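User: I want the reasoning behind the labels, not just the labels. Can we go through them one at a time?

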Amino acid sequence: MIVTIIVACALVLGLAYWIKRARDRRELERYSITPEALHDLLVSNPEVLLFDVRLPLDLLADSQIIPGAKRVAPKEVLENPTLIPREKEAIVYCTCPSEETSRAILHKALALNFSRIKFLKGGLDGWKAKGYPVEPYTESFHLETGS
């Protein structure tokens, strides 16, 4: 009897986990954009805001940026999401292999009822792999050393 209850609980937990993962994947698909779609969007709608939210060390390692993008430190955006306007279409990108920084910012924005924000699938590397333009990032920035 106890073994049956344990197995049933494990199955319920496994099913709940699978459902949550599927829901998260659908949400991320809804709020993501491919490099090709972003390129087309930027050509057709120059009003789209583009934010480079890479960590400072990532920016130091690769000091290129998508033309027209504004660099904002992820910590600043997470602490003050209003740095990304609610009323305009906005795209964020980073260079994390799983878009970790972009997704964190996306989740924070969605929790605050932003609806016009997406993250770039593949980040800067995906953009460059398609041969789309980049330019040198020449502005100074602060390397966070932790506390």
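**From value to label**

Analyst: Leaving aside residues up to four places away in sequence, L83 touches F51, V72, E76 and V77. Note that this is a predicted model.

User: What makes these four residues count as touching L83?

Analyst: The cut-off is heavy atoms within 4.5 Å. F51, V72, E76 and V77 are in contact with L83 by that test. L83 itself sits in the loop between α4 and β5.

User: Why is L83 called partly exposed?

Analyst: The relative accessible area of L83 is 32%. Buried needs under 20% and exposed needs over 50%. L83 falls in between, so the label is partly exposed.

User: How far is L83 from H142, in sequence and in space?

Analyst: They are 59 residues apart in sequence. In space, C-alpha to C-alpha, L83 and H142 are 17 Å apart.

User: Why is the K88 and E47 pair called a salt bridge?

Analyst: The closest N and O atoms of K88 and E47 are 3.9 Å apart. The limit is within 4 Å, for a Lys or Arg nitrogen and an Asp or Glu carboxyl oxygen. The pair meets it, so it is a salt bridge. K88 is in the loop between α4 (74-79) and β5 (90-93), and E47 is in the loop between α2 (35-44) and β2 (49-52). The two are 41 residues apart, so the pair links distant parts of the chain.

User: Are K88 and E47 buried, partly exposed or exposed?

Analyst: E47 has 52% relative accessibility, which is over 50%, so E47 is exposed. K88 has 35%, so K88 is partly exposed.

User: How many salt bridges does the structure hold?

Analyst: Four. Among them is D62 with K128, at 2.7 Å from N to O. D62 lies in the loop between α3 (56-61) and β3 (64-65), K128 in helix α6 (residues 123-129), so the pair ties together parts 66 residues apart in sequence.

User: What makes D62 buried or exposed?

Analyst: D62 has a relative accessible area of 19%, and buried means under 20%, so D62 is buried. Its partner K128 has 28%, so K128 is partly exposed.

User: Which other salt bridge has its N to O distance given, and are its residues buried or exposed?

Analyst: D52 and R54 meet in a salt bridge at 2.7 Å, N to O. Both D52 and R54 are buried.

User: How do you know that β2 pairs with β5 and with β4?

Analyst: Pairing takes at least two bridges. Four bridges join β2 to β5. Two bridges join β2 to β4. Both pairs therefore pass, and both run parallel. F51 has V92 in β5 as its bridge partner, and D52 has R71 in β4.

User: Why are β1 and β4 called edge strands?

Analyst: The five-strand open sheet has the order β1-β6-β5-β2-β4. β1 (32-33) and β4 (70-71) each pair on one side only. For β1, two bridges lead to strand β6 (residues 117-120). One bridge partner there is F119, for S32. Helix α5 (residues 100-111) packs on the sheet, touching β5 and β6, and its direction makes about 170 degrees with that of β6.

User: What makes V7 eligible for a nonpolar patch?

Analyst: The relative accessible area of V7 is 45%. The patch cut-off is over 30%, so V7 passes on area. V3, V7 and L11 form the patch, with about 300 Å² of accessible area together. V7 is found in helix α1 (residues 2-30).

Technical notes: Residues numbered from 1 in each chain as written. Predicted model: local features only at pLDDT ≥ 70, side-chain atom pairs only at ≥ 80, totals over all residues. Heavy atoms only, no water. Salt bridge = Lys/Arg side-chain N within 4 Å of Asp/Glu carboxyl O. Buried < 20%, exposed > 50% of the residue type's maximum accessible area, 1.4 Å probe, protein only. Patch = residues over 30% accessible without salt bridge, like charges linked within 9 Å, V, L, I, M, F, W, Y side chains within 5 Å. Areas by Shrake-Rupley, 256 points an atom, 1.4 Å probe, with all protein chains shown as cover. Axes fitted to C-alpha atoms, helices over the stretch in contact; angles between N-to-C directions.
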